[in-house]
Amino acid sequence: MKSLEGKVAIVAGGARDIGRACSEALAAKGAKVVASYYEDEAEGAATVAAIEAAGGEAIAVGADLTKQEDVDNLVAKAIEAYGDRIDVLVNVVGGLLARKTISEADVDWFEFVMRLNLSTVFMMTKATHPYMGEGGAIVNFASQAGRDGGGPGAWAYATSKGAVQTLTRGWAKEFGPAGLRVTCVCPGMIATTFHDRFTKDEVRASVAAATPLRRQGEAREIADTVAYLASDESSFLTGVNLDINGGMFFS
């Protein structure tokens, strides 16, 4: 039997890059997946098509998860499609937005970075929590940047991801008595469009060369870990912030 057979999983930001890999990995273990996408409907359709081609079941829902009404609609669509229980929530949504020094930043930009990376985790978890119970699992996404402060101009992003790590620990204590686990993954440099946009090729090559495994990570490697954390195979893990960076940073 597949380890997530019959379970329902929402992947917030589940239609591209690491999010899509997570959606596919959860579906491969038997979960019925609800993957959100932002603006690009084709990404959502492609994710669903890939899951269905592999024999899985999924729907895609468009959502700007910085908006409460879109959060509520995403959860409502999951309930409408698969019933009134949610077993897994994966909070992938987030982004760097831009690299800025403090002199270049203003409070509106800073607050939006926090809303995108931290408030979305809170809103999605609060909206799904009433439908989750014993045996459920929440997997948050932080970053190596939350451990080490990030690269040049990434201090706001790093701060938000450090907060997600702390949120994970706090919720693990709050939700644990009900049998609901909360964990977090902290990826290092992974080959995605995130780094295509924000990290220079020479920097990526330098980081890869300095990593003990001498390479960048792949989205599937993060997704496989997420699927493990979402399943009963990790039933005594909660509150953990798991570093996945090829040995570049140890915590």
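What follows is a walk through the central sheet of this predicted model and the helices that pack on it or on one another. Residues are numbered from 1 along each chain as its sequence is written. In this predicted model, local features need pLDDT of at least 70 and side-chain atom pairs count only at pLDDT 80 or more, while totals for chains, interfaces and linings use all residues, and side-chain values rest on heavy atoms, with hydrogens and water left out.

The sheet is open and has seven strands in the order S3-S2-S1-S4-S5-S6-S7, with parallel pairing; strands (E, at least two residues) and helices (H or I, at least four) are DSSP runs numbered from the N terminus, and two strands pair if DSSP finds at least two bridges between them. Strand S3 (57–62) and strand S7 (241–244) stand at the edges with a single partner strand each, so one side of each is left without a neighbour in the sheet. From one strand to the next, the twist averages 15°. Within the sheet, strand S4 (residues 88–91) runs parallel to strand S5 (residues 137–141) and is joined to S5 by four bridges, with valine 88 standing opposite alanine 137 in S5.

Helix H2 (residues 41–53) packs on this sheet and touches strand S2 (32–37) and S3, its direction making about 175° with that of S3; here contact means heavy atoms within 4.5 Å, and angles run from 0 to 180 degrees between N-to-C directions, the axes being lines fitted to C-alpha atoms, for helices over the stretch in contact. Helix H9 lies across S4, S5, strand S6 (181–187) and S7, running at about 170° to S6.

H9 (residues 219–230) also packs against helix H1 (residues 17–28), at an angle of about 45° and with the axes 8 Å apart. That makes H1 oblique to H9, given that angles under 35 degrees count as roughly parallel, over 145 as roughly antiparallel, 65 to 115 as roughly perpendicular and the rest as oblique. The residues in this contact include Ala21, Cys22 and Ala25 of H1 and Ile222, Ala223 and Val226 of H9.

A further helix pair is formed by H4 (residues 107–128) and H6 (residues 155–175), whose axes come within 9 Å and cross at roughly 20°. That makes H4 roughly parallel to H6. Among the residues that meet here are Trp109, Phe110 and Asn117 in H4 and Trp155, Lys161 and Trp171 in H6.
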